[in-house]
Amino acid sequence: LMRAADPDFANRIQRADRYEDFYDKHWPGDPFEDFLHKTFASTTIELVRQKADPQRVKEVFRNMDTERVKSIVWKLVQGQSCGCNRRNCTRGALRFGLGADLLMALIDKGLPRCCWAG
């Protein structure tokens with residue numbers, strides 16, 4: 001969703017720097033990636049459920065380009081195939097049903113209907 005609020009967000013993250021923190025510059029593997037994905041996504045969802053102020057959510061999303069937000073929200077839920085042969089590989093999706101959980105948490109906190117409904 002940061003991409004909807006800040007168009008230059010994606011440009012600040014350089015692909016070459018993604019694995020810089022690992023001593024051998026390689027990703028540790030799928031089990032570790034799955035663990036991180038579940039941990040960070042679940043934590044974000046819990047923060048939305050427990051801490052997000054419904055009025056603030058409505059205000060923030062009301063001023064954004066609703067079609068762009070809708071596209072990003074549904075990409076988090078459904079993703080898009082990246083074309084590789086890795087298991088469960090979709091670009092932009094929160095796996096394990098976490099995208100749907102995030103969408104429901106945002107809707108419960110006041111995400112305007114125009115940002116998610118068809």
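A salt bridge here is a side-chain nitrogen of Lys or Arg within 4 Å of a carboxyl oxygen of Asp or Glu. By that rule the count comes to 4 salt bridges. The model is predicted, so local features need pLDDT of at least 70 and side-chain atom pairs count only at pLDDT 80 or more, while totals for chains, interfaces and linings use all residues. Residues are numbered from 1 along each chain as its sequence is written, and side-chain values use heavy atoms, with hydrogens and water left out.

**View 1. The whole protein chain, 6 helices and 2 strands.**
Going from the N terminus, the order of elements is α-α-α-α-α-β-β-α. Helices (H or I, at least four residues) and strands (E, at least two) are DSSP runs, numbered from the N terminus. Of the 118 residues, 28% are buried; buried means under 20% relative accessible area, exposed over 50%, and partly exposed in between (1.4 Å probe, protein chains only). The accessible surface comes to about 8,400 Å², and carbon and sulfur atoms own 52% of that. Those areas come from the Shrake-Rupley method with a 1.4 Å probe, and for residues only the protein chains shown count as cover. Now for contacts, meaning heavy atoms within 4.5 Å: among those with a separation of 6 or more, 65% join residues 24 or more positions apart.

**View 2. Ala 105 in helix 6.**
Helix 6 covers residues 98-108. With a relative accessibility of 2%, Ala 105 counts as buried. What does Ala 105 contact, once neighbours within four places in sequence are set aside? The partners are Ile 45, Val 48 and Arg 49. For Val 48, the C-alpha to C-alpha distance to Ala 105 is 6.4 Å, across 57 residues of sequence.

**View 3. Leu 103, also in helix 6.**
Leu 103 is buried too, at 8% relative accessibility. Skip the residues up to four places away in sequence and Leu 103 touches Val 73, Trp 74, Val 77, Leu 111 and Trp 116. Val 73, Trp 74 and Val 77 are numbers to look for in helix 5, which runs over residues 66-78. If you like C-alpha distances, Leu 103 and Ile 45 sit 8.9 Å apart in space, with their positions 58 residues apart in sequence.

**View 4. Arg 95 meets Glu 33 in a salt bridge.**
The N to O distance for this pair is 4.0 Å. Arg 95 lies in the loop between strand 2 (90-91) and helix 6, and Glu 33 in helix 3 (residues 30-51), so the pair ties together parts that are 62 residues apart in sequence. Arg 95 or Glu 33: which one is buried, and which is partly exposed? Arg 95 is buried, with a relative accessible area of 16%, whereas Glu 33 counts as partly exposed at 22%. Asp 34 joins in as well: Glu 33, Asp 34 and Arg 95 are linked in a network of salt bridges.

**View 5. Two salt bridges within helices, Arg 49 with Glu 46 and Lys 70 with Glu 67.**
Side chains of opposite charge can pair when their charged atoms come close. Arg 49 and Glu 46 do this at 3.0 Å, N to O. These two are 3 residues apart in helix 3, so about one helical turn separates them. Arg 49 is partly exposed at 39% relative accessible area, and Glu 46 is partly exposed at 34%. In helix 5, Lys 70 and Glu 67 are likewise 3 residues apart, about one turn of the helix, and their N to O distance is 3.5 Å. Lys 70 counts as buried, at 17% relative accessibility.

**View 6. Lys 38 over the face of Phe 96.**
Lys 38 lies 4.4 Å from the ring centre of Phe 96. The rule for a charge over a ring: NZ of Lys or CZ of Arg is within 6 Å of the ring centre and within 35 degrees of the ring normal.

**View 7. Cys 114 and Cys 115, without a disulfide.**
A disulfide is a pair of cysteine sulfur atoms within 2.5 Å, and the structure holds 0 of them. Why is Cys 114 not bonded to Cys 115? The sulfur of Cys 115 is the closest cysteine sulfur to that of Cys 114, but at 4.3 Å it is too far for a bond. Cys 114 counts as partly exposed, at 42% relative accessibility, while Cys 115 is buried at 0%.
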